[in-house]
Amino acid sequence: MTEKTYDVTIFGATGFTGKNILDEVIKTAPKSFPGQQSIRVAIAGRSREKLEQLLTALPTVDGANRVKVDIIIADAQDEESMKAMCRVSKTVIAAAGPFRFLGEAVVKACIEEGAHYVDITGEPEFFEGMTLKYHEKAKEAQVAIVHVCGFDSIPADMGVLYTKQQLEKNHNALPSTIEMFFKLHIAGNSGFGGHYATYASAVHGFGSAGLLRQLRKTANRPQIPKIGPSLIVNPKPHWVSKVAAYTVPFFFADPSVIRLSQQMVLQDKDLQSSQSPPVQFSAYICIPTFKALAITILASTAFGLLAKYESGRRFLLKHPRFFTLGTFSHQGPTNQQLAETSFSETFYAQGYSKALRDKHPDPEELRRVEPDVSLVTSVSGPEPGYVATPKMVVQAAYTLLRQKDKVPNGVLTPAVAFGRTDLIDRLQEQGIVFSTVVKN
């Protein structure tokens, strides 16, 4: 393998989130690699002018940059440039989306040139397609390709793993079901803001639902076994007292990621050493008021109908502010919006004690018995899309650099990749808090 020049290369560094990822690397690298003179960093993209402008704007200490950053010119449409970028990189952070259009070129080049990879995609069609197409190739190349390492879906995927581990280690319980409730918290009056690139990925994602269904048929992944009675999933908007909010089914990537994590472990024996037994899982978005619920239903219905058609997608992409009531724009959120926003995901888990399992050793018999152990855990942090996401993906990249011996090879989800590492501890240090709320 060619000697690697850079520890971390950020592809798409001039984008809205890419700039925040670079800032996070500059801020955290010196403390994350003590004793090492300097972590070697490169930023990559199509435009040298924009990359140079980004370097000029970097914060300095005593007139010098804390971390030396070089430039690589790389274009997802130019295969040789992608291979050249990956050839000199130990780990690539992919931040250029929509990933369904720009992502595969990076994945393919990383595998061919022996570079590990993390990204911030939240597009199920993309990451499930890459898993199907490249998992075995990545294993053969001894490369780790880890998708969804931002808010989609480290809090949910690692949160489920954390919750299962708490049930097993602290209660000697066999996990059965986990329900997740997501809340967005706004502390001030500025509201929540999002960038157009995030919105565009969502438009194309909703528009490719049929392709995703066909992809899953082709993959033919195993059915996740049920432990205990079936988890009842309510598909309709409804009030949930324990979270004091109206809820709707979670319509972003998290359920797809958690299902894929569990299916991959069932399908690939090489991945089973760091994983807990599968659980039944459901996820909901919490909405605080009936008025907000009505607006959400109306907007999501219109969004879903238009996204089915090419002309509708063009219309949606042309008017992001209108279809999101001013939330998403080409300018992105303000600094005040970022500072006043935070998130929490609460996990309500149930399982079976050893005493109850001994009393009902037959799995079929256990399916007729209610769980006797419950646990509530939480993952919380700052604004999810543009503050927490850079923290998560950068720590995921550092984990590949520091603990690759504990990360399997292949095209992976966060829980499958990082189950044996200290990623959760590293995230805790960055303000992404994993905690047990209620024990029973």
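The legends below describe close-up views of a predicted model.

**View 1. The seven-stranded open sheet.**
In this view, 7 strands make up an open sheet whose order is β3-β2-β1-β4-β5-β6-β15, with parallel pairing. Its edges are formed by β3 (69-73) and β15, each of which pairs on one side only. Direction ignored, neighbouring strands of the sheet are turned against each other by 20° on average. Towards one edge, strand β2 (residues 41-45) pairs with β3 in the parallel sense, over 5 bridges. Within this pairing, I43 stands opposite I71 of β3.

**View 2. Helix α5 and its bend.**
Helix α5 comprises 18 residues (residues 124-141), and its end C-alpha atoms lie 24 Å apart. This distance agrees with the 26 Å that the helix should span, because that expectation rests on 1.5 Å a residue. At Y134, α5 bends by about 60°. The residue that follows α5 is Q142, which has a positive phi, near 55°.

**View 3. Packing of helix α5 against the sheet.**
Helix α5 lies across β5, β6 and β15, and runs at about 150° to β15. Its buried residues are P124, F126, F127, E128, G129, M130, T131, Y134, H135 and A138. Y134 therefore combines two roles in these views, as the site of the bend and as a buried residue, with under 20% relative accessible area. The cover over the buried residues of α5 includes the strands β5 (116-119), β6 (144-146) and β15 (410-412). Helices also contribute to that cover, among them α4 (99-113), α8 (209-219) and α9 (254-267).

**View 4. The antiparallel strands β9, β10 and β11.**
Strand β9 (residues 238-240) and strand β10 (residues 245-249) run antiparallel and are joined by 3 bridges. The two strands form a hairpin with 4 residues between them. In the turn, A244 has a positive phi of about 50°. H238 stands opposite T247 of β10. Strand β10 is also joined to strand β11 (residues 280-287), by 4 bridges and again with the strands running antiparallel. T247 has a bridge partner in β11 too, namely C286.

**View 5. The largest nonpolar core.**
The largest nonpolar core holds 106 residues, and those touching the most other members are F11, M85 and F418. Among the elements of the structure, helix α16 (residues 384-403) gives the most to this core, with 8 residues. Apart from this core lies another, of 12 residues, including F303, A307, L317 and F323.

**View 6. The surroundings of M85.**
M85 is one of the residues that touch the most other members of the largest nonpolar core. With residues up to four places away in sequence not counted, M85 touches T9, F11, A44, I72, A74, V92 and V106. Of these contacts, F11 is itself among the residues named for touching the most other core members. A44 falls within β2 (residues 41-45), and I72 falls within β3 (69-73).

**View 7. T399 in helix α16.**
T399 is placed in helix α16. The residue counts as buried because its relative accessibility is 0%. Leaving out residues up to four places away in sequence, T399 touches K404, F418, T421, L423 and R426. One of these contacts, F418, is 19 residues from T399 along the chain, and the C-alpha atoms of the two are separated by 8.1 Å.

Key
Residues are numbered from 1 along each chain as its sequence is written. This is a predicted model: local features need pLDDT of at least 70, side-chain atom pairs count only at pLDDT 80 or more; totals for chains, interfaces and linings use all residues. Side-chain values use heavy atoms; hydrogens and water are left out. A nonpolar core is a set of buried Ala, Val, Leu, Ile, Met, Phe, Trp, Tyr and Cys residues joined through side-chain atoms within 4.5 Å. Buried means under 20% relative accessible area, exposed over 50%, partly exposed in between (1.4 Å probe, protein chains only). Contact means heavy atoms within 4.5 Å. The expected span of a helix is 1.5 Å times one less than its number of residues. The bend at a residue is the angle between axes fitted to the seven residues ending there and the seven starting there. Two strands pair if DSSP finds at least two bridges between them. Axes are lines fitted to C-alpha atoms, for helices over the stretch in contact, and angles run from 0 to 180 degrees between N-to-C directions.
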